[in-house]
Amino acid sequence: MRTQVGIVGAGPAGLLLSHLLSLRGIGSVVLEARSRDYVEHRVRAGVLEHGTVRTLTEAGVADRLLRDGMVHTGIELRFGGERHRIAFEKLVPGRAITVYGQQEVVKDLIAARLAAGGEVLFDVSAAAPAGFRPDDKGRPCIEFSHDGRRQTLECDFIAGCDGFHGICRQAIPAAALTLFDREYPFGWLGVLAEVAPSSEELIYASNERGFALHSMRSPQVSRFYLQVAPDEEIERWPDERIWAELRARLETVPGWALATGPVLEKGVTAMRSFVTEPMQFGKLFLAGDAAHIVPPTGAKGLNLAAFDVTVLTAALAAWYSGEGSGLLDSYTATCLRRVWRVQHFSWWMTTLLHSFGDYDAYDRRLQQSYLEYVCSSQAAATSLAENYVGL
Ligand code: RFL
Ligand code: PHB
């Protein structure tokens, strides 16, 4: 098999890259370890920045997003028995977020790729990138097994869009990479429930018992998160306990009640911050979670993945149209500026809103003071708002 760009991973990064490349007339093949059904039903992110919505709209894959996505012009911060609205329409006029499930973005992209005759191979195993190092003589290639047959995909470039646990980053010599890593002493228990949202906007609640988030997927389906131990066992969280804890952390303001309903899905995710530098090695380019991870508190991972592949598409398009390798050479530098801004914002939101077991009284007071500042100073609220909707 032969193509121009071999893409490992059919998450948002790999699929969007493949689609954007095809719009520039550049061929690609996407190799995905999981089944189509699995990737289309993996419940994850829900918040799209205005820039991500624009990218998807310009790429012609936003019909359902523009119809079903819920545009929000604010979020609520809830703490100390009070609710505070961060009003985007006032602080960052013209910019909003859209609440639309990541798996819906993935479904839309897969449908668009397949409709355009794009090649996305699911259930691929043992993919192994090779020939991409600066001193390699031949072409880059990816060896893989599909339908019981061992195959080789030859390409000009390899895009590692295979997530945090993927193989592409690991194929780069360790000595060529600097890794930045931070683990948090908690995880998130995510819950999808068949119940109308109890709020029109997302609620980020800071509470002595731990952080809680009320999000949503549609007028009939809500999404919740609870701060829990990083190694928490889901068996310890029967549905009644989840609802009781959500109530304890969210029903802290007068006159507000949480509606409950059947739990459709639940699971625990550990939280981490992680950056790989550089994000490229020879003819291998990393994008999305393969290159960096943020804790989900700032709702940024998917948006950052979309940004990376937009930069990579422009760089590859310039190379194929004979403009040289300048943009490819500066891929890492271009991406890292935004990556580190988002790293800081996500770390900051996480630190602001979670309760840390080892926090002493002084740390807790600092946190309370900053929460009050964000909700009373227009300058501080604008900083949160412009980062949240996307710089
Ligand atoms: P993905 O989505 O992990 O996709 C990688 C794909 O690569 C495949 N793969 C392989 N394929 C072939 N060969 C191999 N050896 C392979 N190894 C792996 C995998 O099966 C998979 O299909 O990475 P990508 O595309 O970079 O996308 C990143 C986003 O998924 C991620 O950043 C977001 O989900 C993060 N995130 C959020 N981001 C937002 O922008 N807004 C949010 O509101 C938000 N909320 C969240 C989140 C992530 C969460 N979890 C579960 C980590 C909430 C949660 C709870
Ligand atoms: C979600 O709806 O899944 C979601 C929303 C906001 C976040 C993280 C996740 O910060």
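**View 1. Arg241 sits over the ring of Trp237.** In this predicted model, the charged end of Arg241 is placed 3.7 Å from the centre of the Trp237 ring. Another charge over a ring appears with Lys300, which lies over the face of Tyr388. For Lys300, the figure to the ring centre of Tyr388 is 5.6 Å. Tyr388 also takes us on to the next view, as one of the members of an aromatic cluster.

**View 2. Six named residues come together in one aromatic cluster.** Alongside Tyr388, the cluster holds Phe88, Trp188, Tyr204, Phe211 and Tyr225. Two of these names are worth keeping in mind for the ligand view: Tyr204 and Tyr225 are also listed among the closest residues to ligand 2.

**View 3. Ligand 2 sits in a shell of 15 residues.** The closest of them are Tyr204, Ser215, Arg217, Tyr225 and Pro296. Sorted by class, the shell contains nine nonpolar, three polar and three charged residues. Strands β15 (212-216) and β16 (222-228) each contribute at least two residues to this shell. Look next at the oxygen atoms of the ligand. A polar side-chain atom of Tyr225 is 2.6 Å from an oxygen atom of ligand 2. Backbone atoms take part as well: a backbone N or O atom of Thr297 lies 3.2 Å from a ligand oxygen, and a backbone N or O atom of Arg44 lies 3.4 Å from a ligand oxygen. How much of ligand 2 does the protein bury? Taken alone, ligand 2 exposes 280 Å², and the protein buries 98% of that.

**View 4. Trp319 and Tyr320 form an aromatic pair.** The count for the model comes to 19 aromatic pairs. In this one, the ring centres of Trp319 and Tyr320 are 5.0 Å apart and the planes meet at 90°, so the pair is edge-to-face. Are these two residues buried or exposed? Trp319 has 35% relative accessibility and therefore counts as partly exposed. Tyr320, at 25% relative accessibility, is likewise partly exposed.

**View 5. Tyr370 and Tyr373 pair edge-to-face.** The distance here is 5.5 Å centre to centre, with 85° between the planes. Both tyrosines belong to helix α12 (residues 361-376), where Tyr370 and Tyr373 are three residues apart, about one turn of the helix. Tyr370 has a relative accessible area of 35%, so this residue is partly exposed. Tyr373 is also partly exposed, at 40% relative accessibility.

**View 6. Ser273 contacts Tyr184 from strand β17.** You can find Ser273 in strand β17, which covers residues 263-277. Is Ser273 buried or exposed? With a relative accessible area of 6%, this serine falls under the 20% cut-off and is therefore buried. The side chain of Ser273 makes a polar contact with the side chain of Tyr184, at 2.5 Å.

**View 7. Gly282 lies in a loop between two strands.** The loop in question runs between β18 (280-281) and β19 (284-286). Gly282 has 34% relative accessibility, so this glycine counts as partly exposed. To place Gly282 in the wider fold, compare its position with that of Asn207: the two are 75 residues apart along the chain, and their C-alpha atoms are separated by 47 Å.

Definitions and conventions
Residues numbered from 1 in each chain as written. Chains lettered and ligands numbered in written order. Predicted model: local features only at pLDDT ≥ 70, side-chain atom pairs only at ≥ 80, totals over all residues. Heavy atoms only, no water. Phe/Tyr/Trp six-rings, centres within 6.5 Å; stacked < 30°, edge-to-face > 60°. Buried < 20%, exposed > 50% of the residue type's maximum accessible area, 1.4 Å probe, protein only. Helix = DSSP H or I, 4+ residues; strand = E, 2+ residues; numbered from the N terminus. Lys NZ or Arg CZ within 6 Å of the ring centre and 35° of its normal. Near = heavy atom within 4 Å. Polar contact = N/O pair within 3.5 Å; in protein donor to acceptor, adjacent residues only side chain to side chain. Areas by Shrake-Rupley, 256 points an atom, 1.4 Å probe, with all protein chains shown as cover. Nonpolar A, V, L, I, M, F, W, Y, C, P; charged D, E, K, R; others polar.
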